[in-house]
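The following note collects points for a colleague who is examining this structure at the bench. The points are numbered and may be taken in order.

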Amino acid sequence: MDILTAVTAAGLLLIAVGISGRRYSPLTILAGLGVLGVSIVGRLVYGGGLFEVGVELFRDAGLALLVAAVWLVIRKPHPGAKPFFFLGLLALLLSGVLYLAGRTVGLLVQEEMASVLVELGPDDEIDEIGTALQRFGAVAEQAFPTVDLSADEDLAQVYLVHVAADAVRELVAVLRADGENVDFAEINTEVALPPIVAGGTTAGAARRYLENDPRVGEQWALEAIHGHEMHSMLQELQPVRKARVAILDTGVDGSHEDLADVMSTSGLTDVHGHGTHCAGIAGAVTNNGLGIASLNWEGRFIELLAFEALGDAGRGSLEQIAQAIIDATQAEADIISMSLGAMAPVRPRVLQTAIAFAQRNNVIVAASAGNSNEDAADHFPSNIDGVIAVAAVDHSLEKAEFSNTVGSLSRPIAAPGVDILSSYPDNDYKPLNGTSMATPAVTGLLGVMRSLRPDLAAADAYDILHETGTAVDATPLVGRVVNAEAAIEALLTR
């Protein structure tokens, strides 16, 4: 019982008083009806979902009708006492039935939920914000339990707080005001891939290719980035070790004919397809007589890892993406490839923290610039410090019409992103468009570089890409276009 129940009882009691005197009192009855109206409006505003409101209204009415019936009996025997009494019992019965049905079915009483990412200070405990969480009926769990304070005192103190969606912004405001215990609080927003845009393929001029992959002639991008020349160099080179390139995406079809031999784990799946396409660009086995070619000559230079930062529908939360970055880092990835992102006026703190964790562990991070034809300065994670931001160029090495620009960022680079043929689930191959396709071309090259020089630092790796890249008309907007042959030559002579 709460104050609105008491208000309802008061209203019905006024009505009982109005009808129990020697003469009816219209003013008293009207006053009672007014009080009832206030109670009903209050319940509708503050009672929660419609189902919960129904349960509470029937309960309020039942209790109030019983109180009114008792008043009529005490005042004097009145014909209205019995109807009030039976109506009260009926209302309570309906309230109980609805409540039990709701608890049984479950969905009838579920609220729409949201979540908040909260980082506490290194010496703070979750109980210190317990009062605020209780106020909003929120429940907290450690966001990244595999990270302890010795590994990263920021990530170790991040909690995922679940709360009703209609209260999430108010909760964030309250938590941000707690400067003593809370370092940051942000809504765990969702990131979604843009709709996949299919491209086309155009067979290259009739020629003999070094690679025996049957569809290499449809891969114009290899010629644009001097990939064939790089393959010729790699025939004579041996990697120090295989570099580990992590694809953070929708998963990867690990049984694909052109990927199975370079995947680090088995049993991988990809319902969406985006992750498998990116994986093929980054590291499909080249010169194996199957499908397509990547920069991974004979599969000797790159090992692919897959982490599901996005779900089957191509959507994922900030917490999911950060967890994938952490998992890739703890799996000792050399390169993290993220063909994902979204626009936001403020860089998500949790992604900045996760990427900083990766960088401190010597991981090179690259991310797609985005496909909105805007400045990537407002698109994460490509705009986060230290991330190599990848824009897309077309067949003419002009900025792809959809590509965001990266000239305002500290580590801009470009690669082909139009009509890019690559692997797709169930041993299929498809051409797609996007900065998503440009990014794994860059991370595949970075992987080969790390395989030859495992100690190559991220800053030095980017410097090589930039210094050896091909300057084009759009370079001020998208950076230089990677030149794989020149990059390997520069790496070997440094």
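1. Helices here are DSSP runs of at least four residues, numbered from the N terminus. Under that convention, Leu 14 belongs to helix H1, which spans residues 3–20. Please bear in mind throughout that the model is a predicted one. Leu 14 is classed as partly exposed because its relative accessibility is 31%, and buried would require under 20%. Its C-alpha atom lies 7.0 Å from that of Ala 31, although 17 residues separate Leu 14 and Ala 31 in sequence.

2. As to the chain overall, 15 helices and 17 strands are assigned. The chain has 494 residues, of which 55% count as buried. Among contacts with a sequence separation of 6 or more, 72% are between residues 24 or more positions apart. The exposed area of the chain is about 21500 Å², and 55% of that area comes from carbon and sulfur atoms.

3. A nonpolar patch of about 530 Å² is present on the surface, formed by Phe 58, Leu 87, Leu 90, Leu 93, Leu 94 and Val 97. Which helix gives the most to this patch? The answer is helix H4 (residues 81–105), with 5 residues. Leu 94 is located in helix H4 and is partly exposed, given its relative accessibility of 36%.

4. Helix H13 (residues 458–468) deserves attention for its buried residues, namely Ala 461, Tyr 462, Ile 464, Leu 465 and Thr 468. These residues lie on the same side of H13, because the arc they cover around the axis is only 155°. Their cover includes three strands, S12 (364–368), S14 (388–393) and S15 (412–416), together with helices H12 (435–452) and H15 (484–493).

5. Helix H15 may be read alongside H13. In H15 the buried residues are Ala 484, Ala 486, Ala 487, Ile 488, Ala 490 and Leu 491. They pack against H12 and H13, and also against helix H8 (227–234). The N-terminal end of H15 is capped by Asn 483, which has a side-chain oxygen 3.3 Å from the backbone nitrogen of Glu 485.

6. The next points concern charged pairs. Side chains of opposite charge can pair when their charged atoms come close. The structure holds 11 salt bridges. In one of them, Glu 218 is paired with Arg 215, with 2.9 Å between the closest N and O atoms. Are the two partners buried or partly exposed? Glu 218 is buried, since its relative accessibility is 18%, whereas Arg 215, at 27%, is partly exposed.

7. Another salt bridge joins the side chains of Asp 334 and Arg 450, at an N to O distance of 3.3 Å. This pair links distant parts of the chain, 116 residues apart: Asp 334 is in the loop between helix H10 (318–330) and strand S10 (335–338), and Arg 450 is in helix H12. Both Asp 334 and Arg 450 are buried. Through shared partners, salt bridges join Arg 241, Asp 334 and Arg 450 into one network.

8. Helix H13 also takes part in a salt bridge, in which the side chains of Glu 467 and Arg 494 meet at 3.7 Å, N to O. Since Glu 467 lies in helix H13 and Arg 494 in the segment after H15, the pair ties together parts of the chain 27 residues apart in sequence.

9. Two buried threonines complete the note. Thr 353 is part of helix H11 (residues 349–360) and is buried, because its relative accessible area is 9%. A polar atom of the Thr 353 side chain lies 2.9 Å from the backbone oxygen of Arg 349. Leaving out residues up to four places away in sequence, Thr 353 touches Glu 119, Asp 152, Asp 154 and Leu 155.

10. Thr 405, by comparison, is found in the loop between S14 and S15. Why does Thr 405 count as buried? Its relative accessible area is 16%, and the cut-off for buried is under 20%. With neighbours within four places in sequence set aside, the contacts of Thr 405 are Glu 374, Asp 375, Ala 376, Lys 399 and Leu 477.

Methods: Residues numbered from 1 in each chain as written. Predicted model: local features only at pLDDT ≥ 70, side-chain atom pairs only at ≥ 80, totals over all residues. Heavy atoms only, no water. Buried < 20%, exposed > 50% of the residue type's maximum accessible area, 1.4 Å probe, protein only. Arc of directions from axis to C-beta. Contact = heavy atoms within 4.5 Å. Areas by Shrake-Rupley, 256 points an atom, 1.4 Å probe, with all protein chains shown as cover. Polar contact = N/O pair within 3.5 Å; in protein donor to acceptor, adjacent residues only side chain to side chain. Patch = residues over 30% accessible without salt bridge, like charges linked within 9 Å, V, L, I, M, F, W, Y side chains within 5 Å. Salt bridge = Lys/Arg side-chain N within 4 Å of Asp/Glu carboxyl O.
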